[in-house]
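Good morning, and thank you for making time for this short presentation. Please look at the sequence and the structure as they come up, and I will then walk through a few regions in turn.

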Amino acid sequence: MPVPPMNRREFVRTSAVTGAAVATAGTVAAAAPARAAERRPEHPPRTWSFSILGTTDLHSHVFDWDYYTDAAYQDSKGNSVGVARVATLVKQQREAKGEDRVLLVDAGDIIQGTSLAYYYARVDPITGADGGKGPRHPMAVAMNHMRYDAAALGNHEFNYGIDVLRRFESQCHFPLLGANALDAKTLRPAFPPYTVKRIRVPGAPDIKVGILGLTNPGIALWDKDNVSGRMVFPGLVEQAKKYVPRLRALGCDVVFLTDHSGLDGSTSYGDALPYVENASNLVAEQVPGIDAILVGHTHVEVPSYTVANAETGGDVLLSEPYCWGYRLTVFDFELELRHGRWQVTDKKAQTLNPNTVDEDPEITRLLKADHDLVVKYVNTAVGTCTTDLSAAEACWKDVPVMDFIHEVQTRAVAAGLSAADAALPLISVAAPFSRTADIPQGDVTIRDVAGLYIYDNTLYGKKLTGAQLRDYLEYAAKYYHQVPSGTAVDTATLTNANSFWDYMYDTAAGVSYDIDIAQPEGSRIRNLTHDGTAVADGQVFVVAVNNYRANGGSGYPHIAAADIAYSSTNEIRQLMIDYVTTKGTLNPADFATTNWKLTQGGTAVF
């Protein structure tokens, strides 16, 4: 039998109640009513309600597990991770509201971010090896089981190259949408721009829901090596202005966007691109005809946010469900049939926390073996370490574990330089990606190294002058809040000024320098020397740097346009693993040196 209409209060209450309920193992979602069995109601409904559920930035978190600590995920806020728990919330929503009343959408960054993602991209790749077919990606298996209706492309979808992305796309039972991911030669969409779904209403016209997907323009910088000459990425506003009217012309009653782009209008790459990085709020404001936007990319929780469209004055509803499966967004829509067309009369959004429910046992059945393979892989010992190397203080002290990264980068670049470039001084820059990283004394495993270097970056050598290097380091130094001389320094509040996050902050090895945090931004780098001699403005250096930064990531000056002395497709993390494997023993006496420090008015802080 058809699911009877719900009134507004009942429908919204159902969203909240089902989100808080604890699922029992083996719960089966109610089957969707067969259209053939429906009978036209005596009084066709004039109102109807449905929901769109949303996730984003899942980053290949299937289970509630931390591969770097080899234990169940834990944080100070009690969050859980993984789509296995989110799947239980999705089941509850469908059971409470009816299968035909619920759509499920993602806002991108699916296939990168954990050791599980790396394993199925590089170790046992889904593209196959030696002519083999290759395994199914665990995220495709999980999301197909959950019956996603659509997903936007995230920037990290391109990290492993277009071939891996295309194979993942072929394994999904739902479209990967990217209205602003265009073929570089034809400027036609390289992926479907949108999909149209139908909400069945017994005895009345279907509700047509247009879902438009938009990805991030920053891909052109961050994954330049993978996309240059093959794809281009225009702005979200520009492409939304093209496709939203098209969806309305197709008769869509509801237009829903899934954007891999934050909602504060900010950009991390400066003026390197003419398009805004976090533009969802601008899309809502500048493009008429949008009802709601699922937001991703910035890894924050925004349960409900409203933007008034500048042209129509109508409200556009936005929500961002954090990341990693921390939350599930629920958009609830109410509509009324007027003159033969459905019109939205009300809409609300909220986020639900899956930490109160169990993991979906079917996802466990489908993917436990894949998970166990990855756990075995990351626990493989590759060598030993003579002492504990912690990154806990790496954001304000020159610590040996960061010198390990610098050592590997400088060795790799030095081995690949031309004779002329090898005569230039070589330095390295790298960021402290994780404050919880720790390489223990004793056996060193793959997960120990992966926990320190969590991204799949490759390595470049680029040329900077002494003046440019100073600018680069001054830019990095804006990471610190200004602390006047004579004022106590509290490391809890010292860092991340200007929303400059840890992964954006580069330290350098191969030169010595002080960062005077008592000084204003732009005047903090003091005593910059190389081999005991002050760095001259015209002196030329080769800088070992990761591809993200080398192509303009985080907006550092000069580096994106700098001449290339070296480039490689080898991942820095794998180079670090190879270093330990080759040496057998990781000994900081081989590479650790204190070459930078924080000061206040010339006095060392630590």
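Helix H17 gives three residues to the lining of the largest cavity, and that is the largest share. I should say at once that this is a predicted model. The cavity in question holds about 110 Å³ of space. Its lining has 17 residues, and those closest to the centre are Ser-115, Tyr-118, Tyr-377, Ala-450 and Arg-573. Which elements give two or more residues to this lining? They are helix H3, residues 115-123, helix H10, helix H13, residues 446-452, and helix H17, residues 572-583. In character, the lining residues divide into nine nonpolar, five polar and three charged. For the model as a whole, the count comes to two cavities of 30 Å³ or more.

Let me turn to helix packing. Two packed helices are described by the angle between their axes and the distance between the axes. Helix H10, residues 361-378, also takes part in a contact with helix H4, residues 138-146: the two axes come within 10 Å and cross at roughly 175°. Because of that angle, H4 is roughly antiparallel to H10. On the H4 side, the residues in contact are Pro-138, Val-141, Ala-142, His-145 and Met-146, and on the H10 side they meet Glu-362, Ile-363, Leu-366, Leu-367 and Asp-370. This contact is made up of seven nonpolar residues, one polar and two charged.

Helix H4 has another partner, helix H2, residues 83-97. How do their axes cross? They come within 10 Å, at a crossing angle of roughly 10°. H2 is therefore roughly parallel to H4. Here Val-83, Val-86, Ala-87, Val-90 and Arg-94 of H2 meet Met-139, Ala-142 and Met-146 of H4. Seven of the contact residues are nonpolar, none is polar and one is charged. Ala-142 and Met-146 of H4 thus appear in the contact with H10 and also in the contact with H2.

I now come to the sheets. One is an open sheet of five strands, in the order S26-S25-S24-S30-S31, with mixed pairing. Its edge strands are S26, residues 533-534, and S31, residues 603-604, each pairing on one side only. Strand S24, residues 512-516, runs parallel to strand S30, residues 596-600, and four bridges join them. Within this pair, Ile-515 stands opposite Leu-598. Helix H14, residues 466-477, packs on the sheet and touches S24 and strand S25, residues 525-530; the direction of H14 makes about 140° with that of S25.

On its other pairing, S24 is antiparallel to S25 over three bridges, with Ser-512 opposite Thr-529. S25 is in turn joined to S26 by two bridges, and these strands run antiparallel. Thr-529 stands opposite Ala-534 in S26. The hairpin of S25 and S26 has two residues between the strands, and Asp-531 there takes a positive phi near 55°.

Finally, there is an open sheet of three strands, in the order S21-S17-S29, again with mixed pairing. Which strands lie at its edges? They are S21, residues 442-445, and S29, residues 585-586. Strand S17, residues 381-385, runs parallel to S29, with two bridges between them, and Thr-384 stands opposite Thr-585.

Conventions:
Residues numbered from 1 in each chain as written. Predicted model: local features only at pLDDT ≥ 70, side-chain atom pairs only at ≥ 80, totals over all residues. Heavy atoms only, no water. Axes fitted to C-alpha atoms, helices over the stretch in contact; angles between N-to-C directions. Parallel < 35°, antiparallel > 145°, perpendicular 65-115°, else oblique. Contact = heavy atoms within 4.5 Å. Nonpolar A, V, L, I, M, F, W, Y, C, P; charged D, E, K, R; others polar. 1 Å grid on protein atoms, 1.4 Å probe; cavity = no way out; pocket = protein on both sides within 12 Å on 5 of 7 lines; lining within 4 Å. Points joined across faces, edges and corners; volume = space filled by probe spheres on them. Pairing = 2+ DSSP bridges.
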